[in-house]
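Let's take a walk through the side chains of this one. Rings, charges and a pocket are the topics.

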Amino acid sequence: AAWSSEDYTIIIGHRRAAAAQQAGKFELPCSVVDMTEKEQLQTMMVENMQRSDLTVYEQAQGFQMMLDMGDTVERVADRSGFSQSTIRRRIKLLELNHDSFKKAEKRGATLSDFAQLDKIEDLEARNRVLETLGTQNFNRAMQDALEQQKWQHQKAEWIEQLKKFAVEDSQA
């Protein structure tokens, strides 16, 4: 028995259909809906995002794909059941080095560990700390990066204050 034809395609429920076929059932209840190709892809993406075995990075990629197809964060949130802030945080993870991210996941890094990286403004520094995520060195690397960031902010503030009453001497 075929589960798709020239006229119909299963958009959601491929595994259920395969299980039914193995059980010898070839007629199943279904909903027939007329969809554009874009709507089919979006529906499959939303359904796929509900899987419990997806990694955080895979979720982020799925959200980004939905946005790339023209959805807004608000619409993705409505359709997927995830909050807008969760979607934005997951998408922000895509800025990080993919290989380092996968290694951190394998070392047992948690969502809260990845969320801590948001405190680091500079992407390059964030990726350096990511290298230590899931190791005993993570807290120290995080602390060092935040101290460096604080120092950079303080330095910029001092320079702005100096510009108000001092003149820069290029010879000095």
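Buried means under 20% relative accessible area, exposed means over 50%, and partly exposed is anything in between. At 49% relative accessibility, R140 therefore counts as partly exposed. Keep in mind that this is a predicted model.

R140 has a charged partner: it forms a salt bridge with D144, which is itself partly exposed at 34% relative accessible area. Both residues sit in helix α9 (residues 138-165), four residues apart, or about one turn of the helix. Helix α9 also holds E160 and K163, and because they are three residues apart, about one helical turn separates them too. Here E160 is partly exposed at 47% relative accessibility, while K163 counts as exposed at 56%.

The whole structure has seven salt bridges. Three of them are set out here, with the closest N to O distance for each.

| Salt bridge | N to O distance |
|---|---|
| D71 and R75 | 3.0 Å |
| R140 and D144 | 3.4 Å |
| E160 and K163 | 3.7 Å |

D71 and R75 are part of something wider, since together with R79 they are linked in a network of salt bridges. D71 is buried, with a relative accessible area of 8%, whereas R75 is partly exposed at 42%.

Now for the rings. The count comes to four aromatic pairs. In one of them, F63 and F82 have ring centres 5.2 Å apart and planes at 80 degrees, so the pair is edge-to-face. This pair links distant parts of the chain: F63 belongs to helix α3 (residues 56-68), and F82, 19 residues away, lies in the loop between α4 (73-80) and α5 (84-93). F63 is buried, at 0% relative accessibility.

F101 and F114 are stacked instead, at 4.2 Å centre to centre with 15 degrees between the planes. They too join distant parts of the chain, with F101 in helix α6 (residues 98-106) and F114 in helix α7 (residues 111-116), 13 residues apart. Both rings belong to buried residues: F101 has a relative accessible area of 0%, and F114 comes in at 2%. Add Y57, and ring pairs link Y57, F101 and F114 into a cluster.

Last, the second largest pocket, with a volume of about 230 Å³. It is lined by 10 residues, of which I12, G13, H14, R15 and E47 are the closest to its centre. Helices α1 (14-22) and α2 (37-49) are the elements giving two or more residues to that lining. What is the lining of the second largest pocket like by class? It has three nonpolar, three polar and four charged residues.

Technical notes. Residues numbered from 1 in each chain as written. Predicted model: local features only at pLDDT ≥ 70, side-chain atom pairs only at ≥ 80, totals over all residues. Heavy atoms only, no water. Phe/Tyr/Trp six-rings, centres within 6.5 Å; stacked < 30°, edge-to-face > 60°. Buried < 20%, exposed > 50% of the residue type's maximum accessible area, 1.4 Å probe, protein only. 1 Å grid on protein atoms, 1.4 Å probe; cavity = no way out; pocket = protein on both sides within 12 Å on 5 of 7 lines; lining within 4 Å. Points joined across faces, edges and corners; volume = space filled by probe spheres on them. Nonpolar A, V, L, I, M, F, W, Y, C, P; charged D, E, K, R; others polar. Salt bridge = Lys/Arg side-chain N within 4 Å of Asp/Glu carboxyl O.
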